[in-house]
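Notebook open. I start with the cysteines, then turn to backbone angles, one helix and the confidence scores.

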Amino acid sequence: MKTFDSTLSDGFQDQLGLAIAARLSESAQNLPNDISERLKAARMQAVAKRKVVKLQSASSVNAGMGTATLTGGDLGNSIWTRLGSLLPLLVLIAGLLTIAIVQEQRRVDELAAVDTELLADDLPPAAYTDPGFLHFLNTTRRE
Amino acid sequence: MERALSSRLDLSNFLAGAERRAFKQAMFAVRNEDSALDIVQDAMMRLAEKYGDREANEWPLLFQRILQNAIRDFYRRSKVRSLWTVLFSSLTPTDDDDEDPLETLATDVGSDDSTTPHRNAERMQLLGIIEKEISRLPPRQREAFLMRYWEDMDVAETAAAMGCSQGSVKTHCSRAIQALGKALSAKGIRL
């Protein structure tokens, strides 16, 4: 039996705290049935959504000549496997970029060759914009 | 293949052992059965979804932290609701808008008798009185007291769950027990 004092010692406080807690436990065991059922339903719902850990496992066991090895498993989802599956895509993108660069360079070279021919010729480039000269070229080519 | 470090049965057993006390804790705090049930269910779901793969011995502390956070979330939502009520009601005085429900809750619980359902039996009356006195405690004192003595957590664990120092836990517990002792003594109750 405990009496209450305004200045309780630590030990007595612990005893009183535990005594009150024991009464609370008694009270908690006497919850109304509907509350207990709702708590049970909530618990089952929570357990159903429990987080689980995925563990790596072997997908096959190869046995022979007195030895056995584990192969495959979730290691197939490792970073190297993912990188390997991306490799063809990377090669394709690199190839397309190479083709685009080569074609652009080839077109620039062709334009440069034409420009060189024009600039190196005795005829000034402005002559090709003269309609009379173009007419002269056409008639000369037909003849 | 999937496997949890702690089995589904372990989690179910843990929750089965903790759910009643959790409900009572929530009831002490919010004094409404539906809200308390929502809080406990929310805490259970969070524990299962986020920490269901942890070792079983980590669950009590984690569950307490989650439960206390859920109760605080309830207080915050209540505060926001009451703020909107004040804003849209010219009848309500506005001088207490900044008050924290956590601080003021313990002062206005006297008229609520919903935690004493069994009035006929003397034992049930005693339990009801104890529960009511616990509800009257300031929230932080109540949290510390319940975790320390009811959940059987040590001072360090209680401090970790409450996010405060061990000294604060001791102070809260001491004040809670002093208050409970005085209140029960005033009613002529001895344990």
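**Cysteines.** I searched the whole structure for disulfides and found zero over all chains. The cut-off I used is a pair of cysteine sulfur atoms within 2.5 Å. Why does B:Cys164 form no such bond? Its sulfur lies 9.3 Å from the closest cysteine sulfur, in B:Cys173, and that is too far. I checked from the other side: for B:Cys173 the closest cysteine sulfur is in B:Cys164, again at 9.3 Å and too far for a bond.

I then looked up their accessibility. Buried is under 20% relative accessible area, exposed is over 50%, and partly exposed is in between, with a 1.4 Å probe and protein chains only. B:Cys164 is partly exposed at 21%. B:Cys173 is buried at 5%.

**Ground rules.** I noted that this is a predicted model, where local features need pLDDT of at least 70 and side-chain atom pairs count only at pLDDT 80 or more, while totals for chains, interfaces and linings use all residues. Residues are numbered from 1 along each chain as its sequence is written, chains are lettered from A and ligands numbered from 1 in the order in which they are written, and side-chain values use heavy atoms, leaving out hydrogens and water.

**Positive phi.** I looked at B:Arg31. It is not a glycine, yet its phi is positive, about 55°. It sits in the loop between α1 (8-30) and α2 (33-51) of chain B. Helices here are DSSP runs of H or I with at least four residues, strands are E runs of at least two, and both are numbered from the N terminus. B:Arg31 is buried, with a relative accessible area of 17%.

Next I took B:Asp152. It has a positive phi of about 60° and is not a glycine either. Its loop runs between α6 (139-150) and α7 (155-162) of chain B. Buried or exposed? B:Asp152 is exposed, at 63%.

**Helix before that loop.** B:Asp152 comes just after α6(B), so I checked the helix span, expected to be 1.5 Å times one less than the number of residues. α6(B) has twelve residues and reaches 15 Å from first C-alpha to last, close to the expected 16 Å. Ten of the twelve are buried, including B:Phe145, B:Leu146 and B:Trp150.

**Confidence.** I finished with chain A. Its average pLDDT (the predictor's confidence in each residue, from 0 to 100) is 80, and 77% of the residues score at least 70. Among its elements, helix α2 (residues 33-48) of chain A has the highest mean, 92, and strand β2 (residues 60-64) of chain A the lowest, 53. Where pLDDT is low, predicted coordinates should not be read in detail.
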